Amino acid sequence: MTKSPRIFFIANGVFSEHIAGGDIHFLEMARALVRKGYEVHFLGGFVLEKVIASWQLSVSFHPTEEKMEAGLSDRSFFSQIVLFWNYTRRCLKAFQILNKKTKQDDVVYAVSDYWFDVLPTVRSHASYKVGVWHMEAPSFEEILFRKRADVPFSRLPSFHNWLSQKLSLKWLSQCVHKKIFYLHPDMREKLLALGCQCGEISLISYGVDVATPQKIGEVEKEYDVIWLGRLHRQKGVDDIIPTLNYLAERVDNFKAVIVGKVKEGLQPMIGKPLANQVFFPGFVSEEEKFRLLKASRVFVMPSRHEGSPRVIGEALLCGTRVVAYDVKTYFEMFHDWIYYVPKFDLFTFQKEVENQVIQSRNQTKLINSFDLEQFKNENSWEATGEHFVKEIQKLLVKN
């Protein structure tokens with residue numbers, strides 16, 4: 001029997017079937033609600049409908065665009081304007097749908113902190129408003145002077161992100177019956193400063209897939225290092241090739257695997273003989289991603305800035321060592337389970353990766369303590385989904 005109330009997910013920012021990060025998070029939360037018997041509705045573009053179908057979710061879909069928009073990006077000023085107009089149309093359509101579909105006892109969930117998801121949420125007829133804060137936007141100063149690696153030269157997308165997050169959190173904090181999930185402990189005090197009460201906010205895990213690595217089982221080590229990412233300076237892509245070259249000179253029969261749509265950008269930078277030592281599988285399935293993580297000795301994480309990177313948790317689940325720059329957001333999430341290197345000290349980073357490759361080849365046990373079972377219990381998708389559902393139920397009971 002379907003439970004009441006209905007839950008409406010507003011997801012206007014999905015433009016690709018190759019989903020990651022926050023998109024996977026909200027799909028898993030929807031799955032948890034469906035599993036508990038709730039009626040779930042999704043609002044978004046037609047690409048989202050394809051994603052929902054591929055996930056085989058038993059939810060209702062309501063399109064916020066008249067036709068599928070292909071090839072949208074923010075690579076140029078003109079394309080940014082086109083993208084902004086598309087966001088606006090989706091937002092207005094979401095208003096119309098929610099005004100027709102929602103009732104007072106329904107719940108509306110903005111799956112991002114962007115205005116095109118949050119505005120329809122806070123203005124809907126539904127009494128219960130839910131939001132999520134995934135990663136803190138760069139500050140005005142960080143954008144103006146490009147002090148953070150995820151700020152592009154044009155700065156316009158970062159200003160959009162900064163202003164959207166600032167307004168969205170303010171709008172959500174002013175709702176009467178609300179729940180705001182946040183993914184990093186540092187965000188708690190900032191939400192309280194906005195006027196939220198302790199019972200109105202809740203820390204939630206980034207979530208990891210525990211079942212797939214268990215299903216795969218043991219895998220023979222084939223690669224010395226693995227990297228998953230995209231061609232962006234935030235991901236530390238400029239340090240990848242120098243690190244691979246360094247390791248190839250010092251580690252006998254060195255092999256690496258690089259996952260993602262990066263071959264076109266990185267392969268021309270790789271000279272001989274390294275070209276025969278680096279494997280580019282491109283986009284891979286979730287199962288193949290975990291197999292490659294298990295088949296690798298060290299996961300390298302040269303990112304300049306991250307929020308709650310799920311891939312570190314996935315590497316830990318696979319028993320793969322992680323070497324990362326000492327980015328401030330990591331320790332609260334991953335404690336001393338990974339090997340930290342002073343921020344952006346490339347030579348020290350390379351030395352530590354080399355050390356961990358050698359340690360792994362020699363089958364030396366990990367130095368840092370890591371309670372795998374506790375990690376699974378706290379961060380599995382099942383546990384994360386249970387927490388999400390319970391917090392929604394608390395919101396409904398309290399009000």
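Here is a short conversation about how to read some features of this predicted model.

Biologist: Let's begin with the sheets. In what order do the strands of the seven-stranded open sheet come?

Modeller: The order is β3-β2-β1-β4-β5-β6-β7, and the pairing is parallel. At the edges you find β3 (60-63) and β7 (201-203); each has a single partner strand, so one side of each is left without a neighbour in the sheet. On average, neighbouring strands here are turned by 20° against each other, direction ignored.

Biologist: Which residue stands opposite H41?

Modeller: That's S60 in β3. The strand pair to look at is β2 (residues 38-44) with β3, joined in the parallel sense over four bridges. Then look at helix α1 (residues 21-35), which packs on the sheet and touches β1 (3-11), β2 and β4 (107-110). The direction of α1 makes about 155° with that of β2.

Biologist: Now helix α2. Which of its residues are buried?

Modeller: In α2 (residues 46-55), the buried ones are F46, V47, L48, V51, I52 and W55. Their cover includes β1, α1, β2 and β3. Right after α2 comes Q56, with a positive phi near 55°.

Biologist: Why would I pay attention to a positive phi?

Modeller: Because most residues other than glycine have a negative phi. R155 goes the other way: its phi is positive, about 70°, although it is not a glycine. R155 sits in the loop between α5 (140-144) and α6, and is partly exposed, with a relative accessible area of 21%. Another case is N253, with a positive phi near 55°. N253 belongs to the loop between α9 (240-250) and β9 (256-259).

Biologist: Is N253 buried or exposed?

Modeller: N253 counts as exposed, at 71% relative accessibility.

Biologist: There is another open sheet, the one with six strands. What is its order?

Modeller: Read it as β10-β9-β8-β11-β12-β13, again with parallel pairing. β10 (278-282) and β13 (339-341) are the edge strands, each with a single partner, so one side of each has no neighbour in the sheet. From one strand to the next, the twist averages 25°. Helix α11 (residues 286-294) packs on this sheet, touching β8, β9, β10 and β11, and its direction makes about 140° with that of β8.

Biologist: How many bridges join β8 to β9?

Modeller: Four, with β8 (residues 223-228) and β9 running parallel. To find the register on screen, pick L228, which stands opposite V259 in β9. Likewise, four bridges join β11 (residues 296-301) to β12, also parallel, and V298 has R321 in β12 as its bridge partner.

Biologist: How do I read the two faces of a strand like that?

Modeller: In a regular strand the side chains alternate between the two faces of the sheet. For β12, both faces are covered: R321, V323 and Y325 are buried on one side, V322 and A324 on the other. Put as a count, five of the five residues in β12 (residues 321-325) are buried.

Biologist: What about pockets? How do you find empty space in a model?

Modeller: Rolling a probe the size of a water molecule over the atoms shows where empty space is left. Take the second largest pocket, with a volume of about 660 Å³. Its lining has 29 residues, with E136, A137, E142, R148 and K190 nearest the centre. Two elements give two or more residues to that lining: α6 (156-173) and α7 (187-193). The largest share, five residues, comes from α6.

Biologist: What classes of residue line the second largest pocket?

Modeller: Eleven are nonpolar, six polar and twelve charged.

Biologist: Last one: where is E378, and which residues does E378 touch beyond four places away in sequence?

Modeller: E378 is in helix α15 (residues 372-379), partly exposed with a relative accessible area of 45%. Leaving out residues up to four places away, E378 touches S205 and A383. As for L316, E378 is 62 residues from it in sequence and 14 Å from it in space, C-alpha to C-alpha.

Conventions:
Residues are numbered from 1 along each chain as its sequence is written. This is a predicted model: local features need pLDDT of at least 70, side-chain atom pairs count only at pLDDT 80 or more; totals for chains, interfaces and linings use all residues. Side-chain values use heavy atoms; hydrogens and water are left out. Two strands pair if DSSP finds at least two bridges between them. Axes are lines fitted to C-alpha atoms, for helices over the stretch in contact, and angles run from 0 to 180 degrees between N-to-C directions. Contact means heavy atoms within 4.5 Å. On a 1 Å grid over the protein atoms alone, a cavity is a set of points where a 1.4 Å probe fits but cannot get out, and a pocket is an open set with protein on both sides within 12 Å along at least five of seven lines; lining residues have an atom within 4 Å of a point. Grid points are joined across faces, edges and corners, and a volume is the space filled by probe spheres set on the points. Ala, Val, Leu, Ile, Met, Phe, Trp, Tyr, Cys and Pro count as nonpolar, Asp, Glu, Lys and Arg as charged, and the others, Gly among them, as polar. Buried means under 20% relative accessible area, exposed over 50%, partly exposed in between (1.4 Å probe, protein chains only).
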